[in-house]
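User: I have a model open and would like to talk through how its helices are arranged. Could you take me through it?

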Amino acid sequence: MQKWVYALPLLALAWGHQAKAADIEAGKAKAAVCAACHGVEGKAMIPNYPHLAGQNAAYLVKQLKAFKDGTRKEPLMDPFMVPLTDVDIDNLAAFYASLK
């Protein structure tokens, strides 16, 4: 057996320790602004606005980052994206993903 095979579990442990879990409570606090359009529990009251509750966190992160960097255009989202950091985005995604 190749020696590198023994290194794989060590690499997996190292990567696992570097990953930080998103903070759902911090995401909930940031989501107060989002509630006007997307609902307090992530279920939009306005028919053309998407429900965010229960969405996959990775999907939400991708979409929020696309809004922030301008690759996804929605003028209504622009002012809300400006102050968000990558950590904020991760926390928001975790919060909405945690909802039913």
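**Helix packing and two residues**

Analyst: Helices H4 and H6 are oblique to each other in this predicted model, because an oblique pair is one whose angle falls outside the ranges for roughly parallel, roughly perpendicular and roughly antiparallel, the last of these being over 145 degrees. The angle at which H4, residues 57-69, packs against H6, residues 86-98, is about 140°, and their axes lie 8 Å apart.

User: And which hand does the crossing of H4 and H6 have?

Analyst: The crossing in which H4 passes H6 is right-handed. On the H4 side the contact is made by Ala57, Leu60, Val61, Leu64, Lys65 and Lys68, while H6 contributes Asp86, Ile89, Asp90, Leu92, Ala93, Tyr96 and Ala97.

User: How do the residues of that contact divide into nonpolar, polar and charged?

Analyst: In the contact of H4 with H6 there are 9 nonpolar residues and 4 charged ones, with no polar residues.

User: Switching to Asn91, is that one buried or exposed?

Analyst: Asn91, which is found in helix H6, has a relative accessible area of 8% and is therefore buried, the cut-off being under 20%.

User: What is Asn91 in contact with, leaving aside its neighbours within four places in sequence?

Analyst: With those neighbours left aside, Asn91 is in contact with Ala22, Asp23, Ala26 and Gly27.

User: Let me zoom out, then: how many helices and strands does the chain have?

Analyst: The chain has 6 helices and 0 strands, so that, read from the N terminus on, its elements run α-α-α-α-α-α.

User: What about burial across the chain, and how much area does the chain expose?

Analyst: Of the chain's 100 residues, 26% count as buried, and the chain exposes about 7300 Å², of which carbon and sulfur atoms supply 64%.

User: And what share of the contacts join residues at least 24 apart?

Analyst: If one takes the contacts in the chain between residues at least 6 apart in sequence, 60% of them join residues at least 24 apart.

User: One last residue: where is Met45, and is it buried or exposed?

Analyst: Met45 has its place in the loop between helix H3, residues 35-38, and H4. With a relative accessible area of 75%, Met45 is exposed, because the cut-off for that class is over 50%.

User: What separates the C-alpha atoms of Met45 and Ala35?

Analyst: Met45 and Ala35 are 10 residues apart along the chain, and their C-alpha atoms are separated by 9.6 Å.

Key: Residues are numbered from 1 along each chain as its sequence is written. This is a predicted model: local features need pLDDT of at least 70, side-chain atom pairs count only at pLDDT 80 or more; totals for chains, interfaces and linings use all residues. Side-chain values use heavy atoms; hydrogens and water are left out. Axes are lines fitted to C-alpha atoms, for helices over the stretch in contact, and angles run from 0 to 180 degrees between N-to-C directions. Helices (H or I, at least four residues) and strands (E, at least two) are DSSP runs, numbered from the N terminus. Angles under 35 degrees count as roughly parallel, over 145 as roughly antiparallel, 65 to 115 as roughly perpendicular and the rest as oblique. A crossing is left-handed if the near helix is turned anticlockwise from the far one by less than a right angle, and right-handed if clockwise. Contact means heavy atoms within 4.5 Å. Ala, Val, Leu, Ile, Met, Phe, Trp, Tyr, Cys and Pro count as nonpolar, Asp, Glu, Lys and Arg as charged, and the others, Gly among them, as polar. Buried means under 20% relative accessible area, exposed over 50%, partly exposed in between (1.4 Å probe, protein chains only). Accessible areas come from the Shrake-Rupley method with a 1.4 Å probe; for residues, only the protein chains shown count as cover.
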